[in-house]
Amino acid sequence: TLHDGITVIGESAFQDTYFCGELVLPKNLSVMNGSTFSGCRYFSEELKLPDNLIIIGEWVFVDNSKMRGTVNIPESVQSIGSHAFARCYNLEKVVFPVGLESILSNAFMDCHSINSIICKAPVPPHVQTGAFDGIPKDNFPLEVPEHAIQQYQSAPGWRDFKRIVAHREL
């Protein structure tokens, strides 16, 4: 558990630690710089990101191979850094916020267990090369706002998903 007074976690702060169990991030955390929790292979709980988070840097959670469950990207996040969640093999679901603008290269590369993606953004966020490489894009529907289905079907990175459907809660 990190205390709520922490607003920034520096680059490589917890990289390759043997940290396991539940990670409780500070509620006032706004920036997670590159490689903050990369290589923490024993973290086996669901990740709960704080609502005030603005920046998810490059390589932040790469190689957290036992991280599982759902990742809800907070509404304040506009961009997800390259390789941020790469090789998080047991992630099952990702929910992207309304204001998300970009997902950088290889952000979710090799997250083979993802079987649900919901993107609430009314305009498809820019997706760089390989952002979703290794995700089985034909095994589940990508859920988006109903009025934006055609935009997602033609947007680079998003159009690779075989089934793009209206999200019922939007």
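Two aromatic rings of Phe, Tyr or Trp, the last taken by its six-membered ring, are counted as a pair if their centres lie within 6.5 Å. In this predicted model, Phe14, Phe37, Phe61, Phe85, Phe96, Phe108, Phe132, Phe140, Tyr152, Trp158 and Phe161 form one aromatic cluster on that basis, and the structure holds 13 aromatic pairs.

A pair of aromatic rings is described by the distance of the centres and the angle of the planes. For Phe96 and Trp158, the centres are 6.2 Å apart and the planes stand at 85 degrees, so this pair is edge-to-face, the angle being over the 60 degrees that this class requires. The two rings come from distant parts of the chain, since Phe96 belongs to strand 6 (residues 90-96) while Trp158 sits in the loop between helix 1 (149-154) and strand 11 (164-166), with their positions 62 residues apart in the numbering. Both Phe96 and Trp158 are buried.

The rings of Phe108 and Phe132 also have their centres 6.2 Å apart, but their planes are at 20 degrees, so the pair is stacked, a class that takes in angles under 30 degrees. This pair, too, links distant parts of the chain: Phe108 lies in the loop between strand 7 (102-103) and strand 8 (116-119), and Phe132, 24 residues apart from Phe108, lies in the loop between strand 9 (126-127) and strand 10 (142-144). Phe108 and Phe132 are buried as well.

Several of the strands named so far belong to an open sheet of five strands, whose order is 4-6-8-10-11 and whose pairing is parallel. Its edges are formed by strand 4 (68-72) and strand 11, each of which pairs on one side only. On average, and with direction ignored, neighbouring strands of this sheet are turned by 20 degrees against each other. Strand 4 and strand 6 run parallel and are joined by five bridges; within this pairing, Gly69 has Leu91 of strand 6 as its bridge partner.

Strand 8 contains Ile118, and this residue leads back to the aromatic rings. Ile118 is buried, because its relative accessible area of 5% falls under the 20% limit. Leaving aside neighbours within four places in sequence, Ile118 is in contact with Lys93, Val94, Val95, Phe96, Glu143 and His167, and among these is Phe96, the strand 6 residue whose ring pairs edge-to-face with that of Trp158. Gly99, by contrast, is not part of that contact list: the C-alpha atoms of Ile118 and Gly99, which are 19 residues apart along the chain, are separated by 13 Å.

How values were computed: Residues are numbered from 1 along each chain as its sequence is written. This is a predicted model: local features need pLDDT of at least 70, side-chain atom pairs count only at pLDDT 80 or more; totals for chains, interfaces and linings use all residues. Side-chain values use heavy atoms; hydrogens and water are left out. Helices (H or I, at least four residues) and strands (E, at least two) are DSSP runs, numbered from the N terminus. Buried means under 20% relative accessible area, exposed over 50%, partly exposed in between (1.4 Å probe, protein chains only). Contact means heavy atoms within 4.5 Å. Two strands pair if DSSP finds at least two bridges between them. Axes are lines fitted to C-alpha atoms, for helices over the stretch in contact, and angles run from 0 to 180 degrees between N-to-C directions.
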